[in-house]
Amino acid sequence: MSGSSQSLRRLSRLALGVGAMLMLLSLLALAALAWSSREDTLASARERGELIVQVLEADASRSIESAALTLRALGEALPRENSPAALQSLLAQSLVGQPFLRGVAVLDEQGRVLGSSQPADLGRQLPLAALGRLPAPGADQLMDWQPGRGLADLALRPNRATASRSRVAVGMLPLLMRLGQTERGGAVWLLALINPDALANFQQRALPSEDSGAWLAGFRKQLIAATDRVPTEPGQRLEEHPVFAQLAQHERGSYEGTGTLPGRLLVSYRSARSRALVVALEQREDELLLPWQEQMRWLVAAGAALLLLIGGATAVVRRSLAARVRAAQALEQAHERVALREREMSVLLKSVQELIFRTDEQGRISFVNARWAAVSPQGGAVPSPAPPWRADQPPDQAPEQGLGGRLSELVEGIDRERVEALFDARDGEGVRSTEAALRAHDGSLRRFAITVVPLLNQGRIAGFAGSAMDITERHVAQRRLQQQLSFTELLLEISPLPISMMDTAGRYVTVNRAWEELTGRARDGVIGQPVGFFLPAAERALHSSEDRQLLERGGRISYETQILHQDGTLRDMRVTKVVVDGSDGRQAGILCTLMDVSEFRAAERATRQARDAAEEASRAKTEFIANISHELRTPLQSILGFSELGMARAREHARLAAMFTDIHASGQRMLALVNDLLDVAKIESPVGHFDLERCDLRQPLQEVLQELAPLTAKKRLRLELLLPQEPLQSKVDPLRIQQVMRNVLANAIKFSPEGALLRVEGSVVQPGELGGHGDVLLRVADRGPGIPEAELERIFEAFVQSSATKDGSGGTGLGLAICRKIIEVHGGRIRARNREGGGSVFEIVLPWRSPEAAPSGLVEL
């Protein structure tokens with residue numbers, strides 16, 4: 001840039017700076033003037049408001065003091081009036097000329113009305129104590145605002161708190177004076193009812209505007225009188241009003257802030273000189289500033305005119321300087337643009353990944369970019385690109401590059417005819433494109449998309465400009481995609497499962513060979529037809545309903561149905577359908593597969609029949625055991641009876657007595673076996689039942705221990721019984737639970753060595769312990785031979801005994817099986833484990849509540 005241009009630019013910037021400084025100073029002056037005018041407006045409004053408040057306070061004080069003066073005059077004249085008629089006349093005359101008084105009354109010490117300006121109030125009883133703190137003799141007291149119009153309303157509201165909460169617009173302000181003792185010996189009260197509406201009317205007339213508000217309140221924050229705009233009702237309290245905080249510092253004044261009216265306010269206040277009263281005037285600040293805003297419009301207009309004048313002058317100066325700068329820079333900018341375009345074109349041609357070329361009208365190459373090195377047969381030896389060629393240059397003025405060859409000579413022979421057709425001058429001015437294969441310098445074959453555009457000069461084709469984009473990867477990807485699609489179609493075709501595809505409109509798109517073999521219909525007659533068009537209406541409706549739900553919810557569904565095979569048989573089919581999305585992400589259709597599960601369902605039915613037959617055989621076995629056991633008990637009773645008779649009569653014959661003893665012992669063992677068989681039959685029988693009741697398990701346990709005490713004493717066993725203080729409550733059949741306890745304890749006694757310790761415990765299982773949920777646990781631990789680990793579960797099966805106890809000591813192997821069945825019916829569980837140091841431990845867990853399958857007291861088996 002030349003020195004003159006720089007100097008002109010500095011002058012232009014200086015002119016701009018001076019203009020900006022003048023505009024800034026003007027703005028600051030206008031802002032200061034506006035702020036000063038605003039403060040003057042508010043100060044004037046503040047002075048006017050304080051003057052109005054002084055007038056309102058004087059009116060309120062004058063009215064109240066006039067009422068007090070009236071009461072004092074009545075107090076002086078009252079002793080001279082002895083007759084009721086004279087008293088009534090005196091009270092009525094006291095209201096003349098005082099419109100702010102609603103009534104005057106004379107009360108006795110109990111609050112009964114002795115005289116009133118309203119004759120209807122004679123004899124009423126007023127609650128003096130409810131009015132507040134009463135004045136001393138000879139003094140008067142302004143009481144709280146009360147709702148109502150006269151003494152009748154005051155007599156109906158004995159509760160001052162209730163009256164203060166009443167939201168009524170009409171009220172009165174009692175002024176009470178106490179006189180001394182009368183000739184009758186009692187105190188006399190004078191009561192004047194001041195009309196707050198009279199005070200409010202005066203306030204309303206004194207308001208400076210309709211949107212402002214004024215009010216009168218006591219120091220106890222109770223609103224006495226207010227203008228129409230004040231939203232608070234008389235009698236309510238102004239708890240949060242800032243005026244009362246201001247009164248603590250100043251008796252009168254003004255502030256800007258909040259009040260009873262909405263928005264920002266200018267509040268003027270003043271306290272009464274002789275009474276605990278405060279008068280306030282609230283003026284909306286936005287209303288007060290309306291005249292100031294009107295002035296500001298003119299001020300803003302004048303300021304805008306001044307700023308426009310300064311800006312215009314600055315703009316004129318800068319425009320003249322800018323014109324001179326532009327004239328000086330025109331030539332420099334023209335040279336810079338030319339150089340910049342040349343550099344941009346050079347960078348662009350180097351950075352473009354496509355092959356850029358230019359040809360003459362016969363298609364001979366006259367320019368290429370550096371990217372042609374990738375396809376040059378000389379391995380990148382390409383002449384340097386020519387300068388940009390303009391379309392208005394004649395063909396004979398095109399730069400010589402020494403290229404001269406045709407583009408069609410560089411492509412493969414199969415594509416040369418199509419490439420040569422791109423440069424046909426008879427095809428017009430449109431864009432021409434084709435695809436062709438070029439051999440790169442490394443010998444690889446690359447696929448290109450070639451596009452050329454004719455270059456016109458005076459209406460005829462002077463050459464062509466074009467580009468070639470390498471699309472080898474895309475071409476390979478398309479071929480691979482086509483191969484994948486062909487492979488997928490082949491998989492669907494050879495799949496043994498019938499597969500069909502349908503669109504969202506419910507029409508077949510394609511089916512495979514297995515589907516054709518199943519239905520006996522050719523795909524040519526199916527594609528385009530509604531889904532299930534060959535099925536009965538009911539089956540077609542079923543499939544349509546499932547398809548609608550699938551399209552609404554998405555995902556996949558499976559269900560079973562029967563489909564008619566082409567051979568005429570019904571086949572059980574499992575139908576699986578899944579939503580297929582299209583390339584745009586929307587639902588394109590439904591893919592459906594069918595799986596023949598007929599053989600599986602037939603196997604299920606056969607299994608079910610075999611299970612039913614096995615259960616029937618088990619029931620027959622149980623009934624047989626029950627019947628044969630009943631049949632065996634009759635002769636056994638006879639054998640036992642006669643053996644006991646023989647034992648009694650053969651005491652003197654030792655040999656004969658031994659024989660009868662052996663017969664009796666064998667009969668007892670036989671009877672125990674039959675009883676066990678009967679117990680098993682009862683538990684497995686469908687007609688058995690348990691009588692459940694809630695009981696403390698400690699009692700049946702102690703009864704069983706007492707019953708087995710002779711056995712423990714016979715083997716000199718030491719019994720350790722550990723039971724909690726709280727009840728072990730559970731809902732059980734006590735007799736059946738005793739049977740379980742008896743079997744477990746009898747086994748422990750039987751297999752414990754003489755003098756050993758037998759431990760019996762009862763407790764409540766904590767949640768999570770032993771898999772329980774707060775259940776009852778009974779534990780029996782002995783020091784017997786123990787149980788092999790492999791037999792800890794098998795001993796609870798019928799007719800199974802532990803190999804460690806098969807010593808001929810007796811037993812049928814049914815006791816523990818019966819115990820487990822009884823405990824399972826109760827919803828509990830029983831298990832066995834070996835004890836450290838020798839012996840075994842049997843644990844019985846019973847629920848606190850009855851099983852879910854038996855909510856009542858009777859459980860059917």
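Which residue stands opposite Ser-433 in E15? Thr-451 holds that place.

This is a predicted model, in which local features need pLDDT of at least 70, side-chain atom pairs count only at pLDDT 80 or more, and totals for chains, interfaces and linings use all residues. Residues are numbered from 1 along each chain as its sequence is written, and side-chain values use heavy atoms, with hydrogens and water left out.

Helices (H or I, at least four residues) and strands (E, at least two) are DSSP runs, numbered from the N terminus. Two strands pair if DSSP finds at least two bridges between them.

**Hairpins and strand pairs**

Strand E14 (residues 432–439) pairs with strand E15 (residues 445–457) in the antiparallel sense. E14 and E15 form a hairpin with five residues between them. In its turn, Gly-443 has a positive phi of about 90°. E15 also forms a hairpin with E16, with two residues between them. Here the turn residue Gln-458 has a positive phi of about 55°. Phe-448 has Asp-470 in E16 as its bridge partner.

The table lists antiparallel pairs.

| Strand pair | Bridges | Opposed residues |
|---|---|---|
| E14 (residues 432–439) and E15 (residues 445–457) | eight bridges | Ser-433 and Thr-451 |
| E15 and E16 (residues 460–470) | ten bridges | Phe-448 and Asp-470 |
| E19 and E20 (residues 570–581) | nine bridges | Gln-562 and Asp-572 |
| E28 and E29 (residues 840–846) | six bridges | Asn-834 and Ser-840 |

In a regular strand the side chains alternate between the two faces of the sheet.

**Two open sheets**

One open sheet has five strands in the order E18-E17-E21-E20-E19, with antiparallel pairing. Strand E18 (508–511) and strand E19 (556–564) stand at the edges. Each has a single partner strand, so one side of each is left without a neighbour in the sheet. Neighbouring strands are turned by 25° against each other on average, direction ignored. Angles run from 0 to 180 degrees between N-to-C directions, and axes are lines fitted to C-alpha atoms, for helices over the stretch in contact. Helix H12 (residues 537–553) packs on this sheet. H12 touches strand E17 (499–503), E19, E20 and strand E21 (587–596), where contact means heavy atoms within 4.5 Å. The direction of H12 makes about 170° with that of E19.

A further open sheet of five strands runs E24-E26-E27-E29-E28, with mixed pairing. Its edge strands are E24 and strand E28 (829–834), and each pairs on one side only. The twist averages 15° from one strand to the next. Helix H15 (residues 698–707) lies across E24, strand E26 (757–764) and strand E27 (776–781). H15 runs at about 175° to E24.

**Helices H17 and H18**

Helix H17 (residues 734–751) packs against helix H18 (residues 815–825) at an angle of about 145°. Their axes are 9 Å apart. The contact residues include Arg-736, Val-740 and Asn-747 of H17, and Gly-815, Cys-819 and Ile-823 of H18. The residues of this contact divide into eight nonpolar, four polar and one charged. Ala, Val, Leu, Ile, Met, Phe, Trp, Tyr, Cys and Pro count as nonpolar, Asp, Glu, Lys and Arg as charged, and the others, Gly among them, as polar.

H17 has 18 residues and reaches 26 Å from its first C-alpha to its last. That is close to the 26 Å expected at 1.5 Å a residue, the expected span being 1.5 Å times one less than the number of residues. Among the buried residues of H17 are Arg-736, Ile-737 and Val-740. Buried means under 20% relative accessible area, exposed over 50%, and partly exposed in between (1.4 Å probe, protein chains only).

**Single residues**

Ala-200 sits in helix H5 (residues 196–206). Ala-200 is buried, because its relative accessible area is 11%. Not counting residues up to four places away in sequence, Ala-200 touches Ala-225, Ala-226 and Thr-227. Its C-alpha is 8.2 Å from that of Leu-216, 16 residues apart along the chain.

Most residues other than glycine have a negative phi. Lys-221 has a positive phi of about 70° although it is not a glycine. Lys-221 is in the loop between strand E7 (213–218) and strand E8 (223–226). At 27% relative accessible area, Lys-221 is partly exposed.

Arg-716 also has a positive phi, near 55°. Arg-716 lies in the loop between helix H16 (709–714) and strand E24 (718–722). Its relative accessibility is 57%, so Arg-716 counts as exposed.
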